[in-house]
Amino acid sequence: MVVASLRDAAALLKTYPAFWAAGLVAGAALGIDLYLEFTGEVFFASKILLLGLLLVPFFAAGAYGGAQREDRSMGVFLEEGKKGYFRILLPAIVLLLATVVTLILLAIPITLILGESAIAAAGSAVFGVILSFAFFAYFYDVAAVTEGLGVFASLQRSAAVVLTRLWQVLLFYVTTLAVLFVLGFGVLTAWSMLMYEKLAPLIEGGETFVFDAANATAAQAQFTALLGPDGAMITAITYAAIVVLFVPFALAFKTAFYARQGDEIEGAEAPMQGEYDEKGRWYKY
């Protein structure tokens, strides 16, 4: 199932440029955000990143809808993007609010039980909550667009697919993370080669860069000074490249996998046509 979905995803990436457009928008937003962060323009950086996050659902909806209709035309892309934009965005907002509320509810007993040690456990709690929601809601966007579902129906549909196809979904997640690791390792290796002249003195001198969480601004300034203007640009482009490559794959792989799950469910639910004879034997038409 996963191998077949990988083949389908490769075909989608070759056929439908909208998947790549979503990656380009997300990568550009992240790259510009990082570069502005490095150069001290924090106010504008956050606005650019937010704009990118708000644009990605439109491109994702256009890609999902075009792939479902097997039409790569610009007209279909725009139509599906407009039709599916809020079907993707609104459940995302609901998930964000649910995550915040859950963290607030967890913070109260954690603080009462752990006291001063609660801050140390906060990171694990945040990661656990986000991972739990993402695990069950990962397919909501493709379900919302391809099946025309509402906010809660799309979330329920995603959770149902995960629960009914748990082992296949787990293998799907492992494959997705493996691809992310390979892409990230390859691009960051290229970044290390490009930044070798700047990093070599630190490595040869045995020095290490320590990030001080208590003084993040000073640590960021230190890291930016280490990179220099050209290094900051290369670093921003590097992380943007990871997003540009991974987001289209993730969307296409999700589309292909979900489509195959839907085909299996429809095949399982399709009633068999036939009749029983006088001896109780079943004959299929």
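A residue counts as buried when its relative accessible area is under 20%, and as partly exposed between that limit and 50%. In this predicted model, the cut-off separates the charged pairs considered below. D141 has a relative accessibility of 8% and therefore counts as buried. K254, at 5%, falls under the limit as well, so this residue is also buried.

These two residues form a salt bridge with each other, with an N to O distance of 3.0 Å. The bridge joins distant parts of the chain, since D141 belongs to helix 6 and K254 to helix 10, which spans residues 216-269. The separation between the two residues is 113 positions in sequence.

Helix 6 also leads to a second element, helix 7. Helix 6 covers residues 140-147 and helix 7 covers residues 151-164. Their axes lie 8 Å apart and enclose an angle of about 120°. Angles of 65 to 115 degrees count as roughly perpendicular and those over 145 as roughly antiparallel; the two helices are therefore oblique to each other. The crossing of helix 6 over helix 7 is right-handed. On the side of helix 6, the contact is made by Y140, A143, A144 and E147, while helix 7 contributes S154, L155, R157 and S158. Sorted by class, the contact comprises four nonpolar, two polar and two charged residues.

Two residues of this contact, E147 and R157, are joined by a salt bridge, their side chains meeting at 3.1 Å from N to O. The pair connects helix 6 with helix 7 across ten residues of sequence. With a relative accessibility of 35%, E147 counts as partly exposed. R157 is partly exposed too, its relative accessible area being 22%.

Another salt bridge is found in an earlier part of the chain, where E79 pairs with R69 and the closest N and O atoms are 3.3 Å apart. E79 lies in helix 4 (residues 74-114) and R69 in helix 3 (residues 42-69), so the bridge ties together parts that are ten residues apart in sequence. The relative accessible area of E79 is 37%, which means that this residue is partly exposed. R69 is likewise partly exposed, at 38%. Both residues take part in a network of salt bridges that also includes E80 and K83.

In total, the structure contains six salt bridges, among them D141 with K254, E147 with R157 and E79 with R69.

Terms used:
Residues are numbered from 1 along each chain as its sequence is written. This is a predicted model: local features need pLDDT of at least 70, side-chain atom pairs count only at pLDDT 80 or more; totals for chains, interfaces and linings use all residues. Side-chain values use heavy atoms; hydrogens and water are left out. Axes are lines fitted to C-alpha atoms, for helices over the stretch in contact, and angles run from 0 to 180 degrees between N-to-C directions. Helices (H or I, at least four residues) and strands (E, at least two) are DSSP runs, numbered from the N terminus. Angles under 35 degrees count as roughly parallel, over 145 as roughly antiparallel, 65 to 115 as roughly perpendicular and the rest as oblique. A crossing is left-handed if the near helix is turned anticlockwise from the far one by less than a right angle, and right-handed if clockwise. Contact means heavy atoms within 4.5 Å. Ala, Val, Leu, Ile, Met, Phe, Trp, Tyr, Cys and Pro count as nonpolar, Asp, Glu, Lys and Arg as charged, and the others, Gly among them, as polar. A salt bridge is a side-chain nitrogen of Lys or Arg within 4 Å of a carboxyl oxygen of Asp or Glu. Buried means under 20% relative accessible area, exposed over 50%, partly exposed in between (1.4 Å probe, protein chains only).
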